[in-house]
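Here is a short report for a reader new to this model. Please look over the sequence and the structure before reading on.

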Amino acid sequence: MSQKHATTFISSLCSRGAVCHARALFDEMPERDVVAWTAMLSGYASNGLRREALDVFRRMVAAGAAPNEYTLSSVLTACRGPCAPAMAMPLHAVAVRRGVDRMPYVVNALIDSYASLAEGVVDARRLFDALGSGRTAASWTSMIAGYARWGQERTGLRLFKTMLKDGVELSTFACSIALHACTLVIDLCLGQQLHLQCIKKALDVNLAVVNSLIDMYCTCARILDARSLFDGTPERNLITWNTMIAGYSQCDPLMALQLLLEMNDEPNCFTLTSITSACADLAALRCGKQVHGAVLRRSYSDDLQMGNALVDMYSKCGSITNAKNVFDRMGCKDKFSWTSMIAGYGMNGYGNEAVQLFSSMIHAGVHPDHVVFLSLISSCSHAGLVDEGWNFFRSMINEYNLQPNKEVYGSVVNLLARAGRLREALDLIDTMPFAPDEYVWGALLGASKMHNNVEMGRLAARKITEINPDDVKNYIMLASIYAAGSKWGEYAFTRRSLRGIGSRKEAGISWIEVMDKMYSFTAADSSSPQVCLADEVLHILSQHMDDVGSEFCHIIFKAT
DNA sequence: CTAGGGTTAG
């Protein structure tokens with residue numbers, strides 16, 4: 001068999017996944033030219049065997065075969081990912097030495113390689129600019145993707161527009177990258193324009209494009225548009241399902257579970273993370289436990305994001321012991337893991353534990369940010385640890401050089417006011433570097449009611465009215481403060497202005513799901529005869545809650 | 001006879 005024939009055979013075997021047979025044949029060859037080496041190398045690479053591909057490259061160099069432009073672009077793409085930053089420079093040097101560093105395929109691969117590191121984007125751009133008219137569609141998309149990857153989405157999108165102006169035909173690749181950039185900066189307008197272009201050029205039959213469109217609409221809060229694309233596409237893969245489920249987990253967690261039921265593919269780690277966060281929003285503990293079981297069976301528990309979602313889910317379901325168990329078992333933790341656990345302690349009333357965990361976090365060398373301090377201060381607020389909370393606020397500014405944002409100020413106002421230190425809360429509002437919003441005043445108003453402080457309540461309510469005159473609960477709250485302080489004249493006046501607004505306080509609705517039926521209740525819903533039985537029903541329900549909750553999940557995971 | 005770019009979760 002000639003060398004040419006053997007090489008053809010090798011690539012053919014590799015393209016059908018028979019890499020081992022290809023390798024056996026390769027090893028039998030009495031001599032191997034560049035083409036043969038490259039065929040073997042790219043055969044490994046296209047089958048995801050990057051280590052083997054790199055090994056072939058090393059042996060090839062050692063054997064004295066000179067890599068050409070095919071070899072270099074193959075080896076560059078083979079080491080995409082974690083080892084790309086280390087390989088970009090040396091391989092670039094080889095390309096220069098072989099005189100192929102300006103060949104489009106090589107340059108495109110180099111752009112991608114350099115842009116795999118944030119600091120390399122500038123080098124990538126230099127290569128891109130040097131290409132001049134030698135740019136291909138892939139050069140553009142690699143460069144745009146490089147920007148989008150490192151938080152320069154706007155620059156990427158500008159380059160995308162330049163590309164179109166230069167007359168480069170819109171490809172499915174460019175389209176999905178640009179759509180992804182729109183998603184990252186939440187630019188619905190541009191996303192919709194792109195959608196239109198997709199339809200015009202019939203690119204919306206491409207699954208990757210459809211998936212990016214669905215993601216874009218979900219992120220831009222257009223779940224219905226996302227759903228109609230999802231329903232309309234003739235073909236769906238796991239990414240399609242995961243994107244749609246992730247979208248629902250943000251705005252309609254029950255629908256996320258529903259979609260999981262309809263899915264025929266096996267859920268993967270991404271699916272289960274979204275489902276876990278849906279369970280967190282529903283406070284569906286039994287369901288969340290079933291998901292956790294599915295996670296353990298599939299050995300996804302080592303995944304960082306999965307662990308974080310589980311900690312969050314158990315915290316929001318009030319199961320702090322399980323949250324702590326998951327947290328403690330996590331092999332590696334990031335800022336989000338610590339924040340979720342601290343917030344979990346806080347929302348369940350464990351202020352001291354939250355404070356303790358914060359110091360463990362500092363001990364572990366994790367830098368706190370605004371979100372951590374927000375969780376921490378609100379933990380202190382719930383647990384009545386006023387001085388501790390106040391000290392964290394001070395240390396946030398003085399020790400960690402963090403400028404508290406509006407939310408943090410609001411949380412500190414809440415901390416002081418709930419503890420009855422209304423005067424100090426008001427002073428803080430007066431000195432904070434933001435215009436106080438209705439939520440800050442709302443915290444003061446609520447605390448004024450709690451501590452029967454008519455004067456402070458009147459002030460807070462007046463401020464809220466200036467910001468939002470239609471806020472009904474503001475008037476109701478103020479009226480009850482007057483009532484408690486026996487200020488009946490002002491009470492009557494407030495009730496009258498409430499009638500003047502002509503709106504009613506929206507009823508708070510609670511709901512409960514039993515099997516596949518949804519029951520809703522409103523507070524003091526005496527109009528419904530069923531509610532007369534509410535206490536009895538609730539009593540029975542609480543006895544059977546565990547069994548009922550798990551039913552739904554058994555349906556979901558019956559296949560596992 | 002050998003080479004390229006894209007979409008998913010907190």
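## Terms and basis

Buried means under 20% relative accessible area, exposed means over 50%, and partly exposed lies in between (1.4 Å probe, protein chains only). This is a predicted model, in which local features need pLDDT of at least 70, side-chain atom pairs count only at pLDDT 80 or more, and totals for chains, interfaces and linings use all residues. Residues are numbered from 1 along each chain as its sequence is written, chains are lettered from A and ligands numbered from 1 in the order in which they are written, and side-chain values use heavy atoms, with hydrogens and water left out.

## Asn 242

Asn 242 is buried, at 11% relative accessible area. Its place is in helix H15, residues 238–251. Helices here are DSSP runs (H or I, at least four residues), as are strands (E, at least two), numbered from the N terminus.

Beyond its neighbours within four places in sequence, Asn 242 is in contact (heavy atoms within 4.5 Å) with Asn 268, Phe 270 and Thr 271. With Asn 268 there is also a side-chain polar contact of 3.1 Å. A polar contact is a pair of N or O atoms within 3.5 Å; within protein, one must be able to donate a hydrogen and the other to accept it, and residues adjacent in sequence count only if both atoms are side-chain atoms.

## DNA strand B

There are 44 residues around DNA strand B, counted when a heavy atom lies within 4 Å of the strand. Asn 108, Thr 136, His 180, Gln 250 and Asn 308 come nearest. Sugar and phosphate make up 34% of the strand B atoms that come within 4 Å of the protein.

Which side chains reach base nitrogens of DNA strand B? Thr 136 places a polar side-chain atom 2.5 Å from one. Asn 206 does so at 2.5 Å, and Asp 334 at 3.4 Å.

## Annotated repeats

An unreviewed UniProt entry gives "repeat: PPR" for residues 33–67, 136–170, 334–368 and 369–404. Such annotations may be inferred rather than shown by experiment; feature names are shortened and positions follow the numbering used here.

Residues 136–170 are 74% helix and 0% strand, with end C-alpha atoms 12 Å apart. Residues 334–368 are also 74% helix and 0% strand. Their end C-alpha atoms lie 11 Å apart.

## Cysteines

How many disulfides are there? The count is zero, with a disulfide taken as a pair of cysteine sulfur atoms within 2.5 Å. For Cys 220, the nearest cysteine sulfur is that of Cys 182, 7.7 Å away. Cys 220 is buried at 9% relative accessible area, and Cys 380 is buried at 0%.
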